[in-house]
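Hello,

Here is the structure I promised to pass on. Please open it alongside this message; my notes follow below.

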Amino acid sequence: MPQFEKSLVWFRRDLRVFDHAALHHALKASKTVFCAFVFDTDILQPLLDAGLTADRRIEFIHDSIVELDLELRKLGGALIVRHGSAADVIPALARQLDINAVFSNRDYEPQARQRDAAVASALAAAGCGWQSFKDQVIFEQDEILTLSGQPFSVFTPYKNAWMKKLATADGPFFLQPYQIEKYAARLAPPPAQPGKIPGLAELGFRETNLRTLKITPGMSGATALLENFLPRIGNYEEARNFPALKGLSYLSIHLRFGTISIRTLARAAYQALHHGAAASGAAVWLSELIWRDFYFMILYHHPHVAQRAFKPDYDAIQWENGQHAQLLFQAWCAGCTGYPLVDAAMLQLKQSGYMHNRLRMVAASFLIKDLGIDWRWGERYFAEQLNDFDLAANNGGWQWAASSGCDAQPYFRIFNPVTQSEKFDAEGKFIRRYLPQLTGLGNKHIHAPWLAPAKDLQDAGIRLGENYPLPLVQHDDARKQTLQRYAVVKKALEE
Ligand SMILES: Cc1cc2nc3c(=O)[nH]c(=O)nc-3n(C[C@H](O)[C@H](O)[C@H](O)COP(=O)(O)OP(=O)(O)OC[C@H]3O[C@@H](n4cnc5c(N)ncnc54)[C@H](O)[C@@H]3O)c2cc1C
């Protein structure tokens, strides 16, 4: 016998109708289930205030919502779409529909946790329940702990414990999809007077180049990418470091907005682990999905990382500041550092909202350890630009590069942007894609044009300082300065 007469599922970063924990539990526990999505002005207004009216993520969400509504209709339901402050809209909607309980999937970001606590208490005051579920990750919060019952702060033992838990008798349960279709008859039918999904323009936003980039939103886009990637999973280990190759899955934006479930992906990787040729690639890819769980867990247990270093000693580092630092930062953002691989990476980000993982590490390291700029500046810029921006993973990546995070790279390990370029884009294919003005330069010199003989530059039509910048800094000098800058940490580590 269902426990509730009427429930409401509040969709947030889980824009799909299959394998959805909150929807599954609501359908099982209720006679009638309504579904809602809110274009939350608490998130959208700051973008509009900053003049950021062309945001690929908003277009992606918008189009994913249209598909979600269509798919719910195929199952006999529909999506109620509202535009307003979610903290007010959800309790108001619950009152209007006479809802007994609101169901949602847990969000681990500090602001989202605050919002959910406020919504839950407003609902409770009106006699309505709040039910939240694990959905975004395979293991959350305290599910993976050290033997002494503490959260892990080093990845490899965390990963080993993660894999061990999956190998127990209960393990397969964690990868099981949540059934929806079986209970779909309980979805509330579409209202007689269907509400309209507001258009992008009504929300205050403009179309972006999402379609030109061939990014297909929604569940259909995610499924197509997964089908494209699975036959390539066996090559992942070799191909994943080379930005000119199609070596990755490009699923991050879909994971961000939940147009595919993490269980679908982890299950696919786990199964491929036992398929001879694909096994080693699948193991490395699964490991990346575990990094994702790891960073969610870190953010949950250490919410201070959103503002400060994971390791407090690193807050003592003095970063470059003032007008010169501003100019260096602007040059980095604009892809004008004079280091071709860094510049191509930054242009990839600007033009597409995506940056290859190897390049995220190189570009972040360059900002922090070559330009001496606070990792939080770069973190903020990535947060604005990345289609797949996720607080937990982005913060984890930046703190890793700054050496201030959990299991970060040691402070004295400093990527050389030229060597990285020679190693991971040896033929300059990626560089030429984003910096056509360097096309004519040979593979030997494309990684450091300022070292090329004048004749080579002339033949290639390159005028350094005019149509391609001179390097902002000399890496060897910058490296020495960084080691001095980090001396405060060294001291603290020795004490
Ligand atoms: C400075 C920096 C910032 C980053 N910011 C983000 C971010 O905002 N959002 C984001 O999703 N990832 C971020 N990453 C991690 C990683 O770069 C991206 O997840 C990856 O490039 C996405 O491409 P893909 O989907 O093709 O990845 P694949 O290589 O196909 O990996 C599959 C999935 O695994 C997860 N994953 C892979 N690598 C990592 C990682 N190092 N940490 C956590 N999860 C990972 C992602 O969900 C990814 O979609 C960042 C990394 C760095 C170094």
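The second largest pocket holds about 1,100 Å³ of space. Please keep in mind that this is a predicted model. Lining this pocket are 35 residues, and Glu 288, Trp 291, Asn 357, Arg 360 and Ala 393 come closest to its centre. Four elements each give two or more residues to the lining: H10, helix H12 (279-301), helix H15 (357-370) and H17. By type, the lining residues split into 20 nonpolar, six polar and nine charged.

Where does the second largest pocket lie? It sits between domain 2 (136-176 + 218-301) and domain 3 (312-489), because both give residues to its lining.

Next, the ligand. It is surrounded by 28 residues. The closest are Tyr 236, Ser 249, Tyr 250, Glu 288 and Asn 357. Glu 288 and Asn 357 are also among the residues closest to the centre of the second largest pocket.

Three polar contacts to oxygen atoms of the ligand are worth a look:

- Tyr 250: a backbone N or O atom lies 2.7 Å from a ligand oxygen.
- Leu 251: a polar backbone atom is 3.1 Å from a ligand oxygen.
- Tyr 354: here the side chain takes part, with an N or O atom 2.9 Å from a ligand oxygen.

Now the largest pocket. Its space comes to about 1,400 Å³. The lining has 38 residues, with Ile 43, Glu 109, Gln 111, Arg 256 and Phe 389 nearest the centre. Two strands, E1 (4-11) and E2 (30-40), give two or more residues each. So do helices H2 (41-49), H3 (56-74), H5 (110-125), H10 (252-257), H16 (375-385) and H17 (391-401). H10 and H17 also appear on the list for the second largest pocket.

What is the make-up of the lining of the largest pocket? It has 21 nonpolar, three polar and 14 charged residues. The largest pocket lies between domain 1 (4-135) and domain 3 (312-489), since both give residues to its lining.

One record entry to finish. UniProt, in an unreviewed entry, places the feature "domain: Photolyase/cryptochrome alpha/beta" at residues 5-138. In the model, that span is 49% helix and 25% strand. The C-alpha atoms at its two ends lie 30 Å apart.

Best wishes

How values were computed:
Residues are numbered from 1 along each chain as its sequence is written. This is a predicted model: local features need pLDDT of at least 70, side-chain atom pairs count only at pLDDT 80 or more; totals for chains, interfaces and linings use all residues. Side-chain values use heavy atoms; hydrogens and water are left out. On a 1 Å grid over the protein atoms alone, a cavity is a set of points where a 1.4 Å probe fits but cannot get out, and a pocket is an open set with protein on both sides within 12 Å along at least five of seven lines; lining residues have an atom within 4 Å of a point. Grid points are joined across faces, edges and corners, and a volume is the space filled by probe spheres set on the points. Ala, Val, Leu, Ile, Met, Phe, Trp, Tyr, Cys and Pro count as nonpolar, Asp, Glu, Lys and Arg as charged, and the others, Gly among them, as polar. Domain bounds come from an automatic or database domain assignment. UniProt positions are given in the numbering used here, feature names are shortened, and annotations may be inferred rather than shown by experiment. A residue is near a molecule or strand if one of its heavy atoms lies within 4 Å of it. A polar contact is a pair of N or O atoms within 3.5 Å; within protein, one must be able to donate a hydrogen and the other to accept it, and residues adjacent in sequence count only if both atoms are side-chain atoms.
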